[in-house]
Amino acid sequence: MQGFKGKFVKGSEPESVYWKRRAIVAGAVLVLVVLVVLGLSALGGGEGKPETKGDAAQNEWQPPSPSSTLNRPYIRETPAAAEPSGSPSPTEPAVVACAPDDLMLQVVAAFDEVRSGSEVPVSVLVASGADTACTADLREVAVELTAGADIVYSTAHCETPQGEEVELSDGAGQTVEFTVDGLASEEACAGARRELPAGEYELRARLGEAVSAPTNLRLT
C-alpha cells in the first residue's frame, strides 16, 4: 500500500485532498458530456419526425362502410335554381256566341216527295258570316215542317238533341243530321202522333232566332 501511494501521489498535501480534486474533475467532465448529449438531442428534435403508423392511418381517407352511421361529412345541399318562368301569355279574348244575323243555315232533304209517315233524311249546314270567330251550339238546331203559318212537326218536340258547341270562322260550316218521320208532333212530344195529310209542306231549319230559307216537301 505504501508503494501504491508513493507511485501516484505527489506533493506535500494530504492524500485525501488529491482524491477529492480528481473526483471534482471527473464529475465536471461527466456533466460536460451530458450537456453535449442533451444539446445534440435538442438540435435533432427540430427536424420532422417520421409519421408513425397510427398517424398515417389518421391522415389516410377511408371510405365509410355501408353500415357506418357516425362521422359522415355533412354536405349542405344546394337548392336547384328555379327555372325562369316564361313570360305570361296575353289572355286571349273569349270567343262569343254567334249573333243570329251572322248565322247562315241551309236545309237539304234527301227527297222532295215521300209518302206520309215515311222517314226522310235531312241535313242542316250551319255557318257564320262574321268577321271574327264565334260559337254555335248545334244541339239547339231543329228541323221544322210547316203548313202555312202552322208548325206541324219539329225535331225539337220529340227527338234528343245531337251535336255539340262548335267554333265557326272563315265561312267554314258544321253539318247536323236529322230524320224527319212525317208524323205530326207537339211541344214536349205531347198527344198522339198521327200521319200528316197529303199536301205541300215547307221544310226549314232553325237555330235560336236564325232561320234557314225553306225547301218544299210533298207528302202523298
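Leaving aside neighbours within four places in sequence, which residues is Pro 214 in contact with? They are Glu 202, Leu 203 and Arg 204. Keep in mind that this is a predicted model, so let's start with how confident the predictor is.

**Confidence**

Averaged over the chain, pLDDT comes to 78, and 67% of the residues score at least 70. Two stretches are worth treating with care. Over residues 1–9, pLDDT stays under 50, and the model has 4 contacts there beyond four places in sequence. Residues 68–78 also stay under 50, with 3 contacts of that kind.

**Two loop residues**

Back to Pro 214, which sits in the loop between strand S10 (210–211) and strand S11 (215–219). Another loop residue is Leu 138, found between S4 and strand S5 (141–147). Here is how the pair looks side by side:

| Residue | Relative accessible area | C-alpha partner and distance | Separation along the chain |
|---|---|---|---|
| Leu 138 | 5% | Gly 163, 5.1 Å | 25 residues |
| Pro 214 | 47% | Val 108, 9.4 Å | 106 residues |

Why does Leu 138 count as buried? Because its relative accessible area is 5%, and the cut-off for buried is under 20%. Pro 214 has 47%, so it is partly exposed, a class that runs between the buried limit and 50%.

What does Leu 138 touch, apart from neighbours within four places in sequence? Its contacts are Val 126, Gln 162, Gly 163, Glu 164, Val 166, Gln 174 and Val 176. Gly 163, then, is both a contact of Leu 138 and the residue whose C-alpha lies 5.1 Å from that of Leu 138.

**The nonpolar core**

In soluble globular proteins, nonpolar side chains tend to be buried together. In this model, the largest nonpolar core has 31 residues. Leu 103, Val 122, Val 124, Val 126 and Leu 145 have the most contacts inside that core. Take Val 124: not counting residues up to four places away in sequence, Val 124 touches Gln 106, Val 107, Val 141, Val 143, Gln 174, Thr 175, Val 176, Phe 178 and Ala 205. Gln 174 and Val 176 turn up in the contacts of Leu 138 too.

**The largest pocket**

The largest pocket has a volume of about 150 Å³. It is lined by 13 residues, and the closest to its centre are Ala 97, Cys 98, Leu 103, Thr 135 and Glu 140. Leu 103 is also one of the core residues with the most contacts. Sorted by class, the lining has 7 nonpolar, 2 polar and 4 charged residues. Which strand gives the most to this lining? That would be S4 (residues 134–137), with 3 residues.

Definitions and conventions:
Residues are numbered from 1 along each chain as its sequence is written. This is a predicted model: local features need pLDDT of at least 70, side-chain atom pairs count only at pLDDT 80 or more; totals for chains, interfaces and linings use all residues. Side-chain values use heavy atoms; hydrogens and water are left out. On a 1 Å grid over the protein atoms alone, a cavity is a set of points where a 1.4 Å probe fits but cannot get out, and a pocket is an open set with protein on both sides within 12 Å along at least five of seven lines; lining residues have an atom within 4 Å of a point. Grid points are joined across faces, edges and corners, and a volume is the space filled by probe spheres set on the points. Helices (H or I, at least four residues) and strands (E, at least two) are DSSP runs, numbered from the N terminus. Ala, Val, Leu, Ile, Met, Phe, Trp, Tyr, Cys and Pro count as nonpolar, Asp, Glu, Lys and Arg as charged, and the others, Gly among them, as polar. pLDDT is the predictor's confidence in each residue, from 0 to 100. Contact means heavy atoms within 4.5 Å. A nonpolar core is a set of buried Ala, Val, Leu, Ile, Met, Phe, Trp, Tyr and Cys residues joined through side-chain atoms within 4.5 Å. Buried means under 20% relative accessible area, exposed over 50%, partly exposed in between (1.4 Å probe, protein chains only).
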